[in-house]
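User: I'm new to this structure and would like a close look at one part of it. Could you walk me through the spot that the UniProt record marks as a binding site?

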Amino acid sequence: MNFGQIITAMVTPFDANGEIDFPATKNLVEHLIANGSDGLVVAGTTGESPTLSTEEKVQLFKFVVETAKGRIPIIAGTGSNNTRASISLTKQAEDVGVDAIMLVTPYYNKPSQEGMFQHFQAIAASTRLPIMLYNIPGRSVVNLSVDTVVRLSQIDNIVSIKEASGNLDAAAEIIERTDDSFTLYSGDDSLTLPILSIGGNGIVSVAAHIIGNEMKDMITNFRNGNNTAAAAAHRRLLPVMNALFAAPNPVPVKTALNLSGVEVGSVRLPMIPLNESETLTLRQVLSSGRVNS
């Protein structure tokens, strides 16, 4: 399956009561489609999945599928550290029409490499949907090894990985040792261009909420062989990318969206909003001329 080059890990808009704001979600989906997103991840980490109930996730999957109307692929975040629960949510996501699922490495219970292999294998066997693995040791504590990724890539419907370990050597080895049909995406905005340079397919992005078109131009320049322009864009956009992770994700990006007129509300506890000083710093970065310059 072709997921495109920029997949945005979409925030979940909340209303003043902390409930999912579906009209704001519709506006956000339209904003993202118009601003460079080739696909969306729904109810991932950026979507505050730890604070969403299973019922809310399914409602959100269904609503975003209906809003997108087939214009871009919708990838549902159905992974967890509970294999049975992940299988159940995956089946519900499939029933409401998502195009693919993303499965994060099991967090907290710290399974072995063989345990992770069997976890992903069991979920893959339960669905016809294409699967993107998600390796993020900084959050999950466990790291999916290159050998395990290569084994998993041989399962027919495991077709991609979001690699957020920050390890370019591991990413390069995955690309080298898997079939051309298996794709690798950066899980870190600031590594988009380096990942592309070693043969990656693109980015599962947070920053694309704000600078999606600019990131798409950077990627297009790289693909067209204009490496000087691509590198200059990377350097210009880097302060924005970094500012969006100056506090726990998705707090800064939600603030940035609200500042830019795309209302998505606040975050749910245990996340808390930026304070005045943090908001001022973010506003200064966004208005520094580095965006749309």
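Analyst: Let's start with Thr46. This is a predicted model, and in it threonine 46 sits in the loop that runs between strand β2 (39-42) and helix α2 (54-68). Being in a loop doesn't put threonine 46 out in the open here: its relative accessible area is 5%, which makes it buried. Setting aside neighbours within four places in sequence, threonine 46 is in contact with Ala9, Met10, Val11 and Thr12, then with Val206 and His209, and also with Asn249, Pro250 and Val253.

Why bring up threonine 46 at all? An unreviewed UniProt entry lists Thr46 and Val204 under "binding site". The two span 159 residues in sequence, yet their C-alpha atoms are no more than 10.7 Å apart, so they gather at one spot. Both Thr46 and Val204 also belong to the lining of the second largest pocket.

Now for the partner. Valine 204 is part of strand β8 (residues 202-205), and it's buried too, with a relative accessible area of 2%. Leaving out residues up to four places away in sequence, valine 204 touches Ile7, Ala9, Val41, Met102, Met132, Lys162, Tyr185, Ser186 and Gly187. Ala9 turns up among the contacts of threonine 46 and among those of valine 204.

Stepping back to the whole protein, it has 12 helices and 8 strands. Its radius of gyration is 18 Å, close to the 19 Å that the globule rule gives for 293 residues, so it's as compact as a globular protein of that length. Buried residues make up 54% of the 293. And of the contacts between residues at least 6 apart in sequence, 71% join residues at least 24 apart.

Definitions and conventions:
Residues numbered from 1 in each chain as written. Predicted model: local features only at pLDDT ≥ 70, side-chain atom pairs only at ≥ 80, totals over all residues. Heavy atoms only, no water. UniProt positions renumbered as here; feature names shortened; annotations may be inferred. 1 Å grid on protein atoms, 1.4 Å probe; cavity = no way out; pocket = protein on both sides within 12 Å on 5 of 7 lines; lining within 4 Å. Helix = DSSP H or I, 4+ residues; strand = E, 2+ residues; numbered from the N terminus. Buried < 20%, exposed > 50% of the residue type's maximum accessible area, 1.4 Å probe, protein only. Contact = heavy atoms within 4.5 Å. Rg over C-alpha atoms; globule rule 2.2 N^0.38 Å.
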